[in-house]
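Work through the following exercises with the sequence and the model open side by side. Each task is followed by a solution that goes step by step.

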Amino acid sequence: MGLVLKHVERTKSGGFQYRRRVPKEVLGIIAKREFKRRLGDTEKEALAAYPRYHAQVQLEIAKAKRRRTGSEHAARPDASDREAYAEALQRRADLVARGVTDDELSLVADAMADSYLQDEWEPVGVPPVERHTINVLRVGPDRYKAPEATLDDALRLYRKEHLRENDPAADSRAVALANRVIAAVIKTLGRDAVLTSLTREEARKVRDEMLDRVKKTGRGVGDKVSPATVSRELSIVSAVVNFGKTEFGLPETFANPFNNLRVPTNDAGVKASDKRDPLPPKVLKAVRARVLSRADAKLALIWRLIEGTGCRIAEVTGLRVEDVEVVGNLPHIRIEPHELRRLKTDSSRRIVPLVGDALEAAEEALEFARGGAMLFPSYGRPRGSDAASAALMKHVRAVTPDSKHVVHSLRHNMKDALILAEVPSLDQNLILGHVLSDVGDRTYGGKPARLRKTTWAMKRALGIPLTAADVQLTSEEESY
């Protein structure tokens, strides 16, 4: 026989047929045991019919293998254009790895296109993954480039890489907020808003629409959304765009139009710094007395630690036993991210001195937590800080109805105490976990020196006299 083609054999009648067993790994997905088709009576007929049918077989096997491994994006109607393109590249790579030639890739593309309704020029109703696959098989990835990155693409990557939405320990509220905020921007600018095409004018349009919204739930229903809320939301948009610029390798000439976008104040809103007040001395004393006498013992310890350190409530409820050091000259807590608690900002990662009542509270908490990993097991979990805040707020509201008086007010109390004690800004920021703006402040200085300085600052702010041990450096500090 002069004709030699893979999977082609001569029939008893003298014609030619294509015959190929279905690979074992996709038996059951493909509902037959072999591919079989008559190609014609002559070599010329067989040569003409072979390429298209062979391409159809290759395509069917490839699809079955993708379904088996769960990577069939065509079944995902929510896949973005870039995700669809990435899947198309993977499909092409799978075919090339199995020895499919460039000419055969083109035939596979034709076979895919033929499976859809055709208009005068091209198939219609083709899902994104299939459309990109057809094009990348026909002309190759060098000529058929990836779609430009959109705001939606940036959000998807931000959720996956930065917010780690698939991690059980991920903050679901942060993911939901990012989704809601970017969805509002996409509604204004369109789902296909290309990152590099975003303009300052469009950013202002988004800001103005955010400011025009009214509250639909909660306190103040019907009032305009505050500028402080809009400012926070725009900071999320800016972060998503900046993340996309880095991860998608956008040119340095691209300027994020949401960076430093001014939000004007109006009668309906206040600045973020004005939303919470420190607790007045009488209120602070009354709330503390109520918490210590009526709250659960561990909840009272949380209150004392927040009051005595200025830490955020999530930073305290998320403490591990290993984060607390109560022996030596410089007792302290380490605020570190871990699987059960992330931190608000990078600067939140710090060492906070334990002095006075906060040190006593930490020692008592360690006794309660003996043998465990978390300092407060009941609250050391995802959303545990919300539960602690809600419980403590009942005691705050029993004393004061002022909406600016909350648990977070204790942080403002500590800030005021540090200011009145004339503590330098650097030490204030190290204690409270605020951003260190100066490069030298962020880079230089060892932990022992910083902890010694912040311990002095904390004692001065709380009116605790310094001792001889406070000013004498010990070898133990080298381990901090």
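## Exercise 1: Residues with positive phi

Histidine 7 is partly exposed, with a relative accessible area of 24%. The model is a predicted one, and the tasks below concern what can be computed from it.

Task: State where histidine 7 and asparagine 260 are found, and whether asparagine 260 is buried or exposed.

Solution. Begin with histidine 7, which belongs to the segment before strand S1 (8-10); its phi is near 70 degrees, a positive value in a residue other than glycine. Because its relative accessible area is 24%, histidine 7 counts as partly exposed, the buried class being reserved for values under 20%. Turn next to asparagine 260, placed in the loop between H8 and helix H9 (281-294), where its phi is positive, at about 55 degrees, although it is not a glycine. With a relative accessible area of 76%, asparagine 260 is exposed.

## Exercise 2: The overall account

Task: Determine how many helices and strands the protein chain has, and what percentage of its residues count as buried.

Solution. The protein chain has 17 helices and six strands. Of its 480 residues, 43% count as buried. For the contacts, take those between residues at least 6 apart in sequence: 64% of them join residues at least 24 apart.

## Exercise 3: One side of helix H7

Task: Identify the buried residues of H7 and decide how they are arranged around the axis.

Solution. First consider the helix itself: H7 (residues 200-211) has 12 residues and reaches 17 Å from its first C-alpha to its last, close to the 16 Å expected at 1.5 Å a residue. Its buried residues are Ala203, Val206, Arg207, Met210 and Leu211. Because these residues cover an arc of only 135 degrees around the axis, they lie on the same side of H7. Finally, ask what covers them: the covering elements include helix H6 (172-189) and helix H8 (227-247).

## Exercise 4: The nonpolar cores

Task: Find which residues have the most contacts inside the largest nonpolar core, and which helix gives the most to it.

Solution. The largest nonpolar core has 52 residues, and those with the most contacts inside it are Ile302, Trp303, Leu305, Leu354 and Leu375. H10 gives the most to this core, contributing seven residues. A second, separate core of 33 residues includes Tyr158, Ala203, Val241 and Val263. To look around one residue of the largest core, leave aside the neighbours of leucine 305 within four places in sequence; leucine 305 is then in contact with Gly310, Val316, Leu354, Ala358, Ala361, Ala362, Leu375 and Phe376. As a general tendency, nonpolar side chains in soluble globular proteins tend to be buried together.

## Exercise 5: Two helix pairs

Task: For H10 with H13, and for H5 with H8, classify the packing from the angle between the axes.

Solution. Take H10 and helix H13 (residues 384-399), which pack at an angle of about 85 degrees with their axes 11 Å apart. Since angles of 65 to 115 degrees count as roughly perpendicular, that makes H10 roughly perpendicular to H13. The contact is made by Leu299, Ile302 and Trp303 of H10 and by Ala388, Ala391, Leu392 and Val396 of H13.

Now take H5 and H8, which pack at an angle of about 90 degrees with their axes 9 Å apart. H5 is therefore roughly perpendicular to H8. Residues making this contact include Leu151, Ala154, Leu155 and Tyr158 of H5, together with Val240, Val241 and Phe243 of H8.

## Exercise 6: An enclosed helix and a buried loop residue

Task: Explain why helix H15 can be described as largely enclosed, and decide whether threonine 150 is buried or exposed.

Solution. In H15, the buried residues are Asp427, Gln428, Asn429, Leu430, Ile431 and Leu432. Six of the eight residues of H15 (residues 425-432) are thus buried, so the helix is largely enclosed by the rest of the structure. Its buried residues pack against helix H10 (297-309), strand S6 (350-353), helix H14 (409-420) and helix H17 (447-462). After H15 comes glycine 433, whose phi is positive, near 80 degrees.

Threonine 150, for its part, lies in the loop between helix H4 (128-139) and helix H5 (151-162). Because its relative accessible area is 10%, threonine 150 is buried. Leaving aside its neighbours within four places in sequence, threonine 150 is in contact with Arg191, Asp192, Ala193, Val194 and Leu195.

Key:
Residues are numbered from 1 along each chain as its sequence is written. Side-chain values use heavy atoms; hydrogens and water are left out. Buried means under 20% relative accessible area, exposed over 50%, partly exposed in between (1.4 Å probe, protein chains only). Helices (H or I, at least four residues) and strands (E, at least two) are DSSP runs, numbered from the N terminus. Contact means heavy atoms within 4.5 Å. The expected span of a helix is 1.5 Å times one less than its number of residues. The arc is that of the directions from the helix axis to the C-beta atoms. A nonpolar core is a set of buried Ala, Val, Leu, Ile, Met, Phe, Trp, Tyr and Cys residues joined through side-chain atoms within 4.5 Å. Axes are lines fitted to C-alpha atoms, for helices over the stretch in contact, and angles run from 0 to 180 degrees between N-to-C directions. Angles under 35 degrees count as roughly parallel, over 145 as roughly antiparallel, 65 to 115 as roughly perpendicular and the rest as oblique.
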